[in-house]
Amino acid sequence: MTTAIDAKRRVADYVNRLPITERPRWIAEYQLQGLVTLPEPPAQHQPSQTGIPNPDIADIDEEFVQSIINPGAMKILQAIAANYPGYIRIDAAWIDELCDAASNQNMTLRSNHHFYLSGGTQSGKSTLAGVIINKIAAKSQTPAIVIGSDPKDEITRWLCRFTRKFDGMKALRNWITFATNAIDEQKARVAKVGGECQGVPELFLAQDEVDSVFGGGKGLPGMVDADTAKDLQGFWNYIIKFTAGLKGHGLFMGQSPLSGETGFSRPSLKNVCFIAMGQTSSYILDHPQDFVNVKKEILEVLRQACEMLDKAGVRYALVIPTRSNPFVALIPEFDIKGLEQKQDSKPSNDTVSSSKNNQQPSQQQIDWYEEIRLWATELGRKPQYQEIKQKWHELTGQELNEKGVTLLLENLGYRED
């Protein structure tokens, strides 16, 4: 309570320096009644004449509002960060720290082997997963092996190069079989060199839409049967518990972080670095017994910081590493074009199982969207359905369905007629 009161007094001190017209909104939002000075209420105004805009309901200038809210939120966040530097991160180095720990060549010092990214649609889960894969893969002693399952049978912008990728719900069975074989091959590599894993590549096993395809153990009616959902659950927990010593990394994504909906056992959760983006952080904060073991006052600090950043529209994540304190951190802007790693050495035959799906040159990472955009510009008109489908297949080896073509046309700036 003392911490909460002190925090409110600091907020009130800041709000008292704002223009008087701004103060009521802050009082209501942060319950600052009695702590913020207000002038006497003005006399009642007569109703506005017909046709004359009422300033109380005039259009809001969103940019002006954000220019007040966001700097204010940042100032408060900086004040909290000064008191709790281990729990509030406003720098951009935290992702590097997580990935450095996951790629330490001294296997006994490794942590954050596996990641679960929780967030809503378009919150940036796939982007952040690609960032993590690239940063760890860049330190792989031989070219990294990246195997993934994306149940959405449509275009997803991944910032990584896949050795093999399985798209669509129907491919889940094949994904389990192929990935299990990849783990067995990794075991054979480790057996040759010993537990220090010298020269062994980093192995990534990425699964998107975890909560959807598991569906609380029931799968997804009409698309993923219950038996497949249970097999996926067992496979994910196997990855988390038994592949860390093989330089294996499980990367899981979904909208819910709760174990009942994702299929992760509670013991497994201790081995997973959680990154809850935006509002999904509230689920974790409401179930600390599943995820964190810290003092209640720290949980309250994290909750206040998350709530404030949500309201201010600032992109952030609640991060729970495997060997350190949880913290709230801002999500940095990434240099997308410069991020995708280029691996100069060629993989050995046993590290690459060829698939036209997502095959890309090892010497250079190509932006297929840019390539097809240049093609469309040279064409000088909106491409026809079969034209763009054929061109995409020529460039990437991928077969687009009708929805995929529609999304690609929208990405190029063409809307439905």
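Cys306 is buried in the predicted model. Its relative accessible area is 3%. Cys306 is also among the residues in contact with Val328, once neighbours within four places in sequence are set aside. The other partners of Val328 include Tyr87, Ile88 and Arg89. A further group is made up of Leu302, Ala305 and Leu309. Tyr316, Ala317 and Leu318 complete the list.

Val328 stands out in the nonpolar interior as well. The largest nonpolar core holds 73 residues, and Trp175, Trp236 and Val328 touch the most other members. Helix H13 supplies the largest share of this core, with nine residues. A second core is separate and has 32 residues. Ala129, Leu251, Met277 and Val319 are among its members. In soluble globular proteins, nonpolar side chains tend to be buried together.

Helix H13 spans residues 296–312 and contains Gln304. Gln304 counts as partly exposed, because its relative accessibility is 29%. Its C-alpha lies 9.7 Å from that of Leu77, although 227 residues separate Gln304 and Leu77 in sequence.

The chain as a whole gives the setting for these details. The protein chain has 17 helices and nine strands. It comprises 417 residues, of which 47% count as buried. Among contacts with a separation of 6 or more, 69% join residues 24 or more positions apart.

Cysteine pairing was examined next. The structure holds zero disulfides. Cys273 is in no disulfide, and the nearest cysteine sulfur belongs to Cys99, 8.7 Å away. A disulfide requires sulfur atoms within 2.5 Å, so a separation of 8.7 Å does not qualify. Cys273 counts as buried, at 0% relative accessibility.

Aromatic residues were then searched across the whole structure, and 13 aromatic pairs were found. One aromatic cluster is formed by Tyr116, Phe214, Trp236, Phe252, Phe264 and Phe274. Trp236 thus belongs to this cluster and is also one of the residues that touch the most other members of the largest nonpolar core. Two arginines sit over aromatic faces. Arg89 lies over the face of Phe327, at 5.5 Å from the ring centre. Arg164 lies over the face of Phe178, and here the distance to the ring centre is 5.0 Å. Arg89 is in contact with Val328 too.

Helix H2 covers residues 23–30. Its residues Arg23, Trp26, Ile27 and Tyr30 are buried. Viewed down the axis of H2, the buried residues fall within an arc of 105°, so they line one face of the helix. Gln31 comes just after H2 and takes a positive phi of about 50°.

A loop residue was also examined. Thr243 lies in the loop between helix H8 (226–242) and strand E6 (248–254). Thr243 is buried, because its relative accessible area is 2% and the cut-off for buried is under 20%. Leaving out residues up to four places away in sequence, Thr243 touches His114, Ile183, Tyr238 and Gly248.

Notes. Residues numbered from 1 in each chain as written. Predicted model: local features only at pLDDT ≥ 70, side-chain atom pairs only at ≥ 80, totals over all residues. Heavy atoms only, no water. Buried < 20%, exposed > 50% of the residue type's maximum accessible area, 1.4 Å probe, protein only. Helix = DSSP H or I, 4+ residues; strand = E, 2+ residues; numbered from the N terminus. Arc of directions from axis to C-beta. Phe/Tyr/Trp six-rings, centres within 6.5 Å; stacked < 30°, edge-to-face > 60°. Lys NZ or Arg CZ within 6 Å of the ring centre and 35° of its normal. Core = buried A, V, L, I, M, F, W, Y, C linked by side-chain atoms within 4.5 Å. Contact = heavy atoms within 4.5 Å.
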